[in-house]
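This report goes through one structure, part by part. The sequence and the coordinates come first, and the notes follow.

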Amino acid sequence: MKIAVLSGKGGTGKTLVSVNLAAAAEAAVYIDCDVEEPNGHLFLKPQDIKNEGVAVKLPHADPKLCTGCRTCVDFCKFNALAYIKDRLIVFSEVCHSCGGCLLFCPQKAISEKEREIGLIQSGISGNVRVVSGMMNIGEASGVPVIKKLLRDSRKENKDVFIDCPPGSACMVMESIKDADYCLLVAEPTIFGVHNLEMVYELVRLFQKPFGVVLNKCLEEENPAEDFCLQNQITILGKIPFDLKLGTMNSNGQIASRKHPKYKDLFLNLLETVRKEARHETASDT
Amino acid sequence: MKQLLILSGKGGTGKTTIAGAFIKLAESRAYADCDVDAPNLHLIRPHASPARRSDYYGMRKAVINEDSCKSCGFCRQNCCFEAINESNGKYVVDAYACEGCGVCEAVCPIGAVSLQPTVAGELMLYKEDGVFSTARLKMGSGTSGKLVTEVKKQLKQEAIDADLAVIDGSPGIGCPVIASLSGVDMVLIVAEPSLSGLSDMERIIKTAEKFKMKIGVCVNKYDTNKELARKIETFCQERELPFVGKIPFDNAAIKAINRGQSIVDVDCPAGRAATKVFYKTLLIMNS
Ligand code: SF4
Ligand code: SF4
Ligand code: SF4
Ligand code: SF4
């Protein structure tokens with residue numbers, strides 16, 4: 001089963017929930033799709049690391065063949081090409097690798113070169129296979145890294161936990177496309193509600209079964225919980241605001257591996273998620 | 001108008017909370033929320049009058065005219081983004097996957113595909129005592145960098161006489177952040193004392209340095225892990241980055257926020273610390 005963990009915004013505990021669920025499961029795959037700021041490996045500390053580059057295709061014109069007709073320049077919707085001083089220049093950061101220039105050049109002057117934009121790192125951490133995508137600094141979009149991460153994971157038949165990027169934009173949509181179930185993590189503040197509302201809208205748009213985990217719960221009133229109750233959203237579990245848990249987390253430790261109390265907490269959550277997901281998929285058909 | 005941008009590498013570090021405090025302290029007459037994916041600043045800057053709203057058009061997207069399509073499949077074969085689906089001989093563009101590159105339009109032998117403008121979000125402008133520029137990207141639109149540029153343009157056009165603009169940045173290190181950096185006088189980085197916070201901070205510092213920005217660093221919720229907070233401070237010393245202070249974790253701050261206030265509206269430890277951070281930041285920005 002593929003479970004995507006999302007939150008509308010960073011810092012709500014998305015990584016905490018996904019690494020701990022993965023660690024509590026018998027065998028799991030953890031995929032860090034937060035390619036701008038991947039953090040999961042800091043907790044899981046995988047061993048036997050393998051690196052694999054992620055490249056995109058970048059056009060390159062052969063100056064001997066190019067006649068300067070500018071067909072390619074006129075075509076490119078992203079203004080990634082310019083013909084200046086008898087040479088075709090490619091602005092690599094804005095090229096989307098659509099292949100149009102290559103396709104339409106009347107002289108067949110354009111070929112493709114690879115340009116590395118990021119990295120996929122995989123390793124093992126006990127029961128968890130850890131796969132992280134990392135976008136190079138200065139790149140505009142991590143989508144190609146996410147695409148590759150998820151394409152490679154399609155064959156997995158273990159439980160897969162996808163730690164999604166924050167927000168609700170293109171990168172998040174890419175991350176939840178294949179997921180069987182979405183787990184939304186929310187904080188007990190009005191910011192939390194606002195962020196939750198956004199991912200709530202997103203999962204409904206994609207018609208994904210989903211439920212909410214309330215994180216950092218204090219004794220006080222919880223606007224995020226109120227929101228769930230008002231909208232009849234399944235609350236899968238509550239994680240209390242707990243200094244010990246917070247400290248373990250900030251030190252990069254996995255609570256469910258360190259302490260039976262937390263292992264139970266996350267195992268229970270995992271069971272609930274599984275039950276919910278099965279139930280949802282059953283009622284879909 | 002000087003521009004101070006607040007960044008964190010990741011959300012949830014308290015960037016918006018600090019931005020809210022700074023706006024109040026500076027009595028700023030110009031501020032903006034560049035986190036167009038998940039804007040939050042308006043929640044603690046309540047406005048009496050409604051915003052002036054305008055549609056934001058992103059990239060154009062492909063649309064297939066069902067009636068003229070001959071189902072030859074060329075468009076699908078040539079789309080590099082797997083954005084065209086076929087079922088029972090019918091070809092349809094998945095607007096979420098389409099990047100608007102125009103290849104399908106150009107290869108279709110009978111002109112059944114066209115690129116059409118799509119609303120990708122909404123710009124909002126509040127004008128009362130001050131100018132507040134913000135926006136909200138529509139679900140699933142991919143051009144947040146351009147919308148950030150629009151938010152900043154709107155701010156600049158409307159707030160000509162303000163001295164200081166406080167800008168709440170967006171999380172990450174990608175295109176929206178890069179777009180928010182342009183024209184800024186200083187970047188304040190809000191770090192969290194955790195291993196992930198440290199890693200996020202290093203990545204955002206590298207990004208800001210790449211664009212030759214003046215940088216200051218502060219730690220929020222420092223007492224949730226004092227050891228790592230110290231580590232951040234040492235890191236800044238070693239790298240000769242100005243460290244502008246630390247703010248404690250504070251329940252009173254959460255309560256203030258939930259009431260739609262800023263943390264300097266109430267007398268609390270977090271608010272007092274944020275005030276110090278503010279003045280130190282100003283000093284560096286103006287030096
Ligand atoms: S379309 Fe081909 S020949 Fe024309 S300018 Fe581009 S690369 Fe050169
Ligand atoms: S591949 Fe597409 S985006 Fe890149 S330069 Fe060519 S036409 Fe432009
Ligand atoms: S415009 Fe480009 S991305 Fe969109 S459907 Fe056509 S070929 Fe695919
Ligand atoms: S290329 Fe044109 S005619 Fe052929 S399937 Fe696509 S839209 Fe239809």
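How many of the residues of helix α1 (residues 14-24) of chain A are buried? The count is 11 of its 11 residues, and the helix is mostly covered. The structure is a predicted model, and every value below is computed from it.

## Chain A overall

Chain A has 285 residues, of which 57% are buried. Its secondary structure comes to 11 helices and 11 strands. The C-alpha trace of chain A spans about 70 × 45 × 40 Å along its principal axes.

Among contacts in chain A between residues at least 6 apart in sequence, 73% join residues at least 24 apart.

## Helix α1 and strand β8 of chain A

The buried residues of α1(A) include A:K14, A:T15, A:N20 and A:A24. Others on that list are A:L16, A:V17, A:V19 and A:L21.

Strand β8 (residues 159-163) of chain A has five of its five residues buried, so the strand is largely enclosed by the rest of the structure. A:D159, A:F161 and A:D163 point one way from β8(A), while A:V160 and A:I162 point the other way. Both sets of side chains are buried.

Two strands of chain A pair with β8(A). Strand β1 (residues 2-6) of chain A does so in the parallel sense over four bridges, and within this pairing A:I3 has A:F161 as its bridge partner. Strand β2 (residues 28-32) of chain A also pairs with β8(A) in the parallel sense, over five bridges; here A:V29 stands opposite A:V160.

## A buried aspartate

A:D32 is found in strand β2 of chain A. The residue is buried yet has no salt bridge. Its nearest side chain of opposite charge is that of A:K14, 6.2 Å away, and A:K14 is one of the buried residues of α1(A). A salt bridge requires the nitrogen and the carboxyl oxygen to be within 4 Å, so the pair does not qualify.

The side chain of A:D32 does reach the backbone nitrogen of A:D34, at 3.1 Å. Leaving aside residues up to four places away in sequence, A:D32 touches A:P38, A:N39, A:G40, A:V131, A:S132, A:G133, A:L149 and A:D163. The last of these, A:D163, belongs to the residues that point from β8(A).

## Salt bridges

Over all chains, the search finds 22 salt bridges. One of them joins A:E187 to A:K216, with the closest N and O atoms 2.6 Å apart. The pair links distant parts of the chain: A:E187 sits in the loop between β9 (181-186) and α7 (190-205) of chain A, and A:K216 in strand β10 (residues 210-217) of chain A, 29 residues apart. A:E187 counts as buried at 15% relative accessibility, whereas A:K216 counts as partly exposed at 24%.

In chain B, the side chains of B:R29 and B:D161 meet in a salt bridge at 3.9 Å, N to O. B:R29 lies in the loop between α1 (15-26) and β2 (30-33) of chain B and B:D161 in the loop between α5 (144-158) and β10 (164-168) of chain B, so the salt bridge ties together parts 132 residues apart in sequence. B:R29 is partly exposed, at 44% relative accessible area, and B:D161 is exposed, at 55%.

## Cysteines

The search of the whole structure finds zero disulfides over all chains. In chain B, B:C69 is partly exposed with a relative accessible area of 21%, and B:C75 is buried with a relative accessible area of 9%.

Conventions. Residues are numbered from 1 along each chain as its sequence is written. Chains are lettered from A and ligands numbered from 1 in the order in which they are written. This is a predicted model: local features need pLDDT of at least 70, side-chain atom pairs count only at pLDDT 80 or more; totals for chains, interfaces and linings use all residues. Side-chain values use heavy atoms; hydrogens and water are left out. A disulfide is a pair of cysteine sulfur atoms within 2.5 Å. Buried means under 20% relative accessible area, exposed over 50%, partly exposed in between (1.4 Å probe, protein chains only). Two strands pair if DSSP finds at least two bridges between them. Lys and Arg count as positive and Asp and Glu as negative; His and the chain ends are not counted. A polar contact is a pair of N or O atoms within 3.5 Å; within protein, one must be able to donate a hydrogen and the other to accept it, and residues adjacent in sequence count only if both atoms are side-chain atoms. Contact means heavy atoms within 4.5 Å.
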